[in-house]
Amino acid sequence: MLIEKLRAMGIELPAMPGPFGTYVPAKEVSGPAGGLLFVSGQLPMRAGKLLAEGPVPSMCAIDHAREAAKQCVINALAAVATIGPGAIDRVVGVVRVGCFVQSDDGFAQQPQVANAASEFLIELLGEAGRHARAAVGTNALPLNASVEIEFIFQMRTA
Amino acid sequence: MLIEKLRAMGIELPAMPGPFGTYVPAKEVSGPAGGLLFVSGQLPMRAGKLLAEGPVPSMCAIDHAREAAKQCVINALAAVATIGPGAIDRVVGVVRVGCFVQSDDGFAQQPQVANAASEFLIELLGEAGRHARAAVGTNALPLNASVEIEFIFQMRTA
Amino acid sequence: MLIEKLRAMGIELPAMPGPFGTYVPAKEVSGPAGGLLFVSGQLPMRAGKLLAEGPVPSMCAIDHAREAAKQCVINALAAVATIGPGAIDRVVGVVRVGCFVQSDDGFAQQPQVANAASEFLIELLGEAGRHARAAVGTNALPLNASVEIEFIFQMRTA
């Protein structure tokens, strides 16, 4: 079970106590064959602080942005957990990852940053963690974060 | 019904007469349990003119960009209407909002702009209007618009 | 059949031999009524080289970016083919196109670039090729590509 795997890896999901603002951390669309869970764009917050700020690479080194991307995955799992008890263990795969990297003009290695998120998802979920992905640059992100990542997870029915 | 709620609020949906260009305002994917409606990226057009142009905040104040974001929601509902008679009243919820804010380098308050769209969706649809969201900055948008927003709505079958 | 149409048009799909890296070219989500295929963001690679580099229009003319956008569609179909034998002919329509154009500040004609992809999809698939679309600018893309396009295709069950 994913929740046990996280525990074995020493990863604690941050609490995401509601009430939430004008949008929610995650929204599920159910079908008879299971459903999709759309997770909002996650910033690399850790213990209430942004892990990485400013454009890559001038203000944030690639390796640091990679660590931030991994934190976005952890926060995404915390977002999954807000759906309800057992939600984490209903995750059966990853469908899509959308990765925005705050980039200096001309920076062209967004995939190297996004790979850190992708590799971590495969570590957690195995082959089912493989996903379609779009990784692009941008000149500006919320809170001046270096990375924002959104996700679509595939869920089994409860 | 949503269509009556809009009327009560004095909101008139703009006409979106076809034929359309190379893409369509909205595309529905149906399933036995209802479907998803993907709405194209909407610009803040009102009465044939862009409501807000240029990057936020140097050329477009945040409050003005927020009004533009609300207009994008109105235009999205007009896009829903192009699917066919009764389409608006088949909207049962909002799954995802993708908000692009044309931003000066270093501008970091995209969520404040996107919130205007999210708040309006909740006003229209209640709890079912809550959605997953990605809000990011960009250095350039079509027609030099300050905001572009795309949507995925959840639909009940006809 | 799409595969024959491509052949008749003299379009050969590039090989996409695995193993793939940390993400996959395409990921399918199946349902009883058919499924959705999420295709990763495609760059305009042709014969192993990028067709168009740098921001539009200063380093890449609009017409050249349009040719690149068409190449992204060809590469997307090659990505579809990686799913398995016959996958191309299970494509029954296009749901969404997400087009990122590397743009000079102030460039506002992203739709003109994206149209080349949209027109080509309609040429290939007829009315079912019409799709919802978001076209936006960005200051930076992987490998310094001028265009990146991701896709959601609608699939019939095998």
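In this predicted model, strand 2 of chain A pairs with strand 7 (residues 147-155) of chain A through six bridges, the two running antiparallel. One spot to look at along this pairing is Gln42(A), which sits opposite Ile149(A) of strand 7. Strand 2 of chain A spans residues 34-42, and eight of its nine residues are buried, so the rest of the structure largely encloses it. Buried here means 20 or more other C-beta atoms within 10 Å of the residue's own.

Moving on to how the chains meet, 29 residues of chain C are in contact with 24 residues of chain B. On the chain C side, strand 5 (91-102), helix 4 (110-125) and strand 6 (132-138) each chip in with at least two residues. Strand 6 of chain C gives the largest share of that side, at seven residues. Sorted by class, the side of chain C that touches chain B comes out as 13 nonpolar, eleven polar and five charged residues.

As for the arrangement of the copies, chain C drops onto chain A with a rotation of 120° and a shift of 0.0 Å along the axis, at an RMSD of 0.0 Å. The two copies are therefore related as by a three-fold rotation axis. Within chain C, Thr138(C) has the C-alpha nearest that axis, 3.2 Å away. The contact surfaces tell their own story: only 17% of the interface residues of chain C are also interface residues in chain A, so the copies meet through different surfaces.

Note on methods
Residues numbered from 1 in each chain as written. Chains lettered and ligands numbered in written order. Predicted model: local features only at pLDDT ≥ 70, side-chain atom pairs only at ≥ 80, totals over all residues. Buried ≥ 20, exposed ≤ 12 C-beta atoms within 10 Å, placed from the backbone. Helix = DSSP H or I, 4+ residues; strand = E, 2+ residues; numbered from the N terminus. Pairing = 2+ DSSP bridges. Contact = placed C-beta atoms within 7 Å. Nonpolar A, V, L, I, M, F, W, Y, C, P; charged D, E, K, R; others polar. Least-squares fit on C-alpha atoms with pLDDT ≥ 70 in both.
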